[in-house]
Amino acid sequence: MTDLTRLTAAATAERIASGEVSAVQVAEAHLARIDAVDEKVHAFLHVDREGALAQARAVDAKRAAGEELGPLAGVPLALKDIFTTVGVPTTVGSKILEGWIPPYDATLTRRLKEAGVVILGKTNMDEFAMGSSTENSAYGPTGNPWDLTRIPGGSGGGSSAALASFQAPLAIGTDTGGSIRQPAAVTGTVGVKPTYGAVSRYGMVAFSSSLDQGGPCARTVLDTALLHEVIAGHDPLDSTSIDAPVPPVVAAARAGDVKGMRIGVVKEFAGEGYQAGVMQRFTESVELLRELGAEIVEVSCPSFEYALAAYYLIAPSECSSNLARFDGLRYGLRAGDDGTRSAEEVTALTREAGFGPEVKRRVILGTYALSSGYYDAYYGSAQKVRTLITQDFQRAFGDVDVLVSPTTPTTAFPIGERADDPMAMYLADLCTIPSNLAGNAAMSLPCGLAPEDGLPVGLQIIAPAMADDRLYRVGAAVEAAFTARWGHPLLEEAPTL
Ligand code: GLN
């Protein structure tokens, strides 16, 4: 019998719909895979065995009753532990929410459940989504299935590692500065940051509200598109949610064609700090796009040089405000409440005990950047840079349909290598951050293994806001051509664990 954990989500859904396998069999196969490998990988913080099997049984009952099933009904998914799940712990990778059981579902969680998607559990992440390696998790790091001594990316390293180790065919991430795309790049999987406002933030624990965006992750472009359509759409509970139809991403993924498209190569995403093997695979991808019939042009986005600096003022500023709610009084951890201390003292002790070093660093940085006297110099300037970056994109998209770049400057680095060097860690998001600042859509998909270390390289495709379908049209064409060239999907070369 086929190993159910190696199938795509699309193929799994088809087999369930036709009755060839039951949703319960599929869920059990994945739970068994988790049992077999997750001790080594540590993708999950919490496995919801009972919840997963109950949801699978419900899908099987629906099918038995002759009801129509949605396109992903019965397909297992790994959910980043930043989305609230009623009755199931939600920690955001932080001690401050250890043991907290949310009383409500995030809109995204609710949509997954309504679509019959089987949520296997909650995945590991950098605390409050701050990081690029998952080493900032209060619950220990996650290993990259290609090499367990290396990082699986971050902040959503649990989700990317779950996909790459065949523990789930679908996963959810959130991308504030690259946390969907960078983990996808370094694990040889696919991840999309949709247009800002496309996926509801209701019930998604806030880090930097003007940048945060939930999105789909999978092993193929089509699977990512199918998940995108399930989770995207207007939500009256999120005031920044876009009230417009979701772009036709599944149709675009099925079409997969770049003929006649104008594709821009961002000149600034190259040079010092870019690994030779990453640039080699990227250059080959651009050649491939040309062979597939796209017109390639060079594009300059001069303000991108300041994106990282602007991001590390805006994101910490918003985080210092958002994280003020973790005061030890309302939910989660409470430290030092022995009846002798004031509320202020309890709050201070709770935050001291509950937040890790990176979160503290950002709260302090953000509080400073927003303080009177410094506000204009730091936060105000960063917002101006943000406008310049948006204008660079607008100018570029006046000339080309999509932009392409490497997703990350390097392949997966060893666990520990950048843990004590925040600046080196921040550089992992050099190519991804501009799209968060501008709010447009972007995808990472595998484009080969770097010759020097045999690790996956990601190709980033960037589209204008509300043109997410272009990512899938281009991504599917690239994926089909590469798969034909390699003779199999890239992940088949990963160790079996
Ligand atoms: N690595 C970036 C940061 O640390 C981005 C994180 C994210 O996208 N959530 O802020």
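The following questions and answers concern a predicted model, its ligand shell and its strands.

Reader: On what basis are residues numbered and local features accepted?

Author: Residues are numbered from 1 along each chain as its sequence is written, and side-chain values use heavy atoms, with hydrogens and water left out. Because the model is predicted, local features need pLDDT of at least 70 and side-chain atom pairs count only at pLDDT 80 or more, while totals for chains, interfaces and linings use all residues.

Reader: How many residues surround the ligand, and which are the closest?

Author: A residue is near a molecule or strand if one of its heavy atoms lies within 4 Å of it. The shell around the ligand has five nonpolar, seven polar and three charged residues. In that classification Ala, Val, Leu, Ile, Met, Phe, Trp, Tyr, Cys and Pro are nonpolar, Asp, Glu, Lys and Arg are charged, and the others, Gly among them, are polar. The ligand is surrounded by 15 residues, the closest being Gly177, Ser179, Tyr311, Arg362 and Asp429.

Reader: How far is a nitrogen atom of the ligand from the side chain of Asp429?

Author: An oxygen atom of the ligand is 3.2 Å from a polar backbone atom of Gly178, and an oxygen atom of the ligand is 2.6 Å from an N or O atom in the side chain of Ser179. For an N or O atom in the side chain of Asp429, the distance to a ligand nitrogen is 2.4 Å.

Reader: What share of the ligand's own accessible area does the protein cover?

Author: Accessible areas come from the Shrake-Rupley method with a 1.4 Å probe, and for residues only the protein chains shown count as cover. On its own the ligand has 290 Å² of accessible area, and the share covered by the protein is 100%.

Reader: Where does the ligand lie with respect to the domains?

Author: The domain bounds come from an automatic or database domain assignment. Both domain 1 (4-302 + 387-493) and domain 2 (304-386) give residues to the shell, so the ligand lies between domain 1 and domain 2.

Reader: Is Arg362 buried or exposed?

Author: Arg362 belongs to helix α12 (residues 357-370); helices (H or I, at least four residues) and strands (E, at least two) are DSSP runs, numbered from the N terminus. The side chain of Arg362 is joined to that of Glu358 by a polar contact of 2.7 Å. Such a contact is a pair of N or O atoms within 3.5 Å; within protein, one must be able to donate a hydrogen and the other to accept it, and residues adjacent in sequence count only if both atoms are side-chain atoms. Buried means under 20% relative accessible area, exposed over 50% and partly exposed in between (1.4 Å probe, protein chains only), and because its relative accessibility is 2%, Arg362 is buried.

Reader: Which residue of β10 is the bridge partner of Val192?

Author: Two strands pair if DSSP finds at least two bridges between them. Strand β5 (residues 190-193) runs antiparallel to β10 and is joined to it by three bridges. Gly191 of β5 stands opposite Ser444 in β10, and the partner of Val192 is Met443.

Reader: Which residues of β5 point the other way from Val190 and Val192?

Author: In a regular strand the side chains alternate between the two faces of the sheet. All four residues named for β5 are buried, with Val190 and Val192 pointing one way, and those pointing the other way are Gly191 and Lys193.

Reader: Which residue in the turn of the β10 and β11 hairpin has a positive phi?

Author: Strand β10 (residues 441-449) has nine of its nine residues buried. It pairs with strand β11 (residues 456-463) in the antiparallel sense over seven bridges, and Ala442 has Ile462 as its bridge partner in β11. Six residues lie between the two strands of the hairpin, and the turn residue with a positive phi, about 70 degrees, is Gly454.

Reader: Which residue of β11 stands opposite Pro406?

Author: Strand β9 (residues 402-406) has five of its five residues buried. Three bridges join it in parallel to strand β7 (residues 262-266), whereas four bridges join β9 to β11 in the antiparallel sense. Opposite Pro406 in β11 stands Leu459.

Reader: What is the omega of the cis peptide bond between Gly154 and Ser155?

Author: Most residues other than glycine have a negative phi, and most peptide bonds are trans. Ser155 lies in the loop between β3 (118-123) and α5 (157-164). The bond joining Gly154 and Ser155 is cis, with an omega of about 5 degrees.
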